[in-house]
Amino acid sequence: MTASTQQETIRVVLADDAVVLREGAAMLLEDAGLEVVAQAGDADDLLRKVRAHKPHVAVIDVRMPPGEGIEGMRAALEIHRELPDVGILMFSGHVERRCLDQLLAAGAAGVGYLLKERVEQVGLLADTVRRVASGETVLDPAVVAQMVSTHAEGPLEALTPRELEVLGLMAQGRSNRAVAAELFISERVVERHVTSIFTKLDLPHSDQAHRRVLAVLAYLRG
């Protein structure tokens, strides 16, 4: 987590046109020690409130008024362009892979995608917000499961089954230590798999976190 988020309460702007769900999510976040500084019921109001409050994270429904399409996603991309330090957590009723692909392609650090049904899992929403605030990329397990069920094509064909498994867990935002624990292997073995993934996907040496995002983006596109 960044120095600023370590020293102060994580501030959140929450946007969803479903008032009951929005209020429930706000209550869960407040109970977990986060500060919901503003709520919005449409994309225009969301933009105004994010600009005014500059939160650590904006939690945004993909589909919001005033249009019938993915207005929340469009607002998220605009927020990223104007305020790249604001983490983006998309909150949707179903998997919208195209939306997630657009956000990752924009180079946003601190990105999450969580299904609304997860709001019933106490602590998960707040934990995801914290991870996004710290700059992680966190995907709902259902998104990852959908990707795993899709036949790997293109650059992903070069990956071994174990490397695909590691990349799938990376797509969930897992650290190398967490991947090792999940797969019952050593952290050093995970590091070797990650290095191999970067090599096979032709990701040049750069910031480690940035390469992880690029690897996840390649996985999404696969």
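Of the 222 residues in the protein chain, 48% count as buried. The model is a predicted one. Eleven helices and six strands make up its secondary-structure elements. The accessible surface comes to about 10500 Å². Carbon and sulfur atoms hold 51% of that surface. Now take the contacts in the chain with a separation of 6 or more: residues 24 or more positions apart account for 66% of them.

Start at strand E3, which spans residues 57-61. Aspartate 61 lies in this strand. Its relative accessible area is 6%, so aspartate 61 is buried, the limit being 20%. Which side chain does aspartate 61 meet in a polar contact? The partner is lysine 116, and the contact is 3.0 Å. Lysine 116 also appears in the list of residues that aspartate 61 touches, leaving aside those up to four places away in sequence. That list includes Ala15, Asp16 and Asp17. Gly72 and Met73 are in it too. So are Met90, Phe91 and Ser92.

Ser92 leads to the next strand. Serine 92 sits in E4, residues 87-92. Serine 92 is 31 residues from aspartate 61 along the chain, yet their C-alpha atoms are separated by 5.4 Å. Is serine 92 buried or exposed? With a relative accessible area of 2%, serine 92 is buried. Beyond residues up to four places away in sequence, serine 92 touches Asp61 and Val62. It also touches Tyr113, Leu114, Leu115 and Lys116.

Part of that stretch returns around aspartate 140. This residue is in the loop between strand E6 (137-139) and helix H7 (141-148). Aspartate 140 is buried because its relative accessible area, 0%, is under 20%. What lies 3.0 Å from a polar atom of the aspartate 140 side chain? It is the backbone nitrogen of leucine 115. Aspartate 140 touches Leu115 along with Tyr113, Leu114 and Arg118, again not counting residues up to four places away in sequence. Tyr113, Leu114 and Leu115 are thus contacts of aspartate 140 and of serine 92.

Next come two helices. Two packed helices are described by the angle between their axes and the distance between the axes. Helix H8 covers residues 161-171, and helix H10 covers residues 187-200. They pack at an angle of about 95°, with axes 10 Å apart. Because angles of 65 to 115 degrees count as roughly perpendicular, H8 is roughly perpendicular to H10. On the H8 side, the contact is made by Arg162, Glu163, Val166, Leu167 and Met170. H10 supplies His193, Val194, Ser196, Ile197, Phe198 and Lys200. By class, this contact has six nonpolar, two polar and three charged residues.

Some backbone details remain, and they sit in loops. The peptide bond from proline 65 to proline 66 is cis, with omega near 15°. Proline 66 lies in the loop between E3 and helix H4 (71-82). Lysine 54 has phi near 45°, a positive value in a residue other than glycine. Its loop runs between helix H3 (43-53) and E3. Lysine 54 counts as partly exposed, at 47% relative accessibility. Phenylalanine 184 also has a positive phi, near 60°, and is not a glycine. It is found in the loop between helix H9 (176-183) and H10. How exposed is phenylalanine 184? Its relative accessible area is 76%, which means that phenylalanine 184 counts as exposed, being over 50%.

Terms used:
Residues numbered from 1 in each chain as written. Predicted model: local features only at pLDDT ≥ 70, side-chain atom pairs only at ≥ 80, totals over all residues. Heavy atoms only, no water. Helix = DSSP H or I, 4+ residues; strand = E, 2+ residues; numbered from the N terminus. Buried < 20%, exposed > 50% of the residue type's maximum accessible area, 1.4 Å probe, protein only. Polar contact = N/O pair within 3.5 Å; in protein donor to acceptor, adjacent residues only side chain to side chain. Contact = heavy atoms within 4.5 Å. Areas by Shrake-Rupley, 256 points an atom, 1.4 Å probe, with all protein chains shown as cover. Axes fitted to C-alpha atoms, helices over the stretch in contact; angles between N-to-C directions. Parallel < 35°, antiparallel > 145°, perpendicular 65-115°, else oblique. Nonpolar A, V, L, I, M, F, W, Y, C, P; charged D, E, K, R; others polar.
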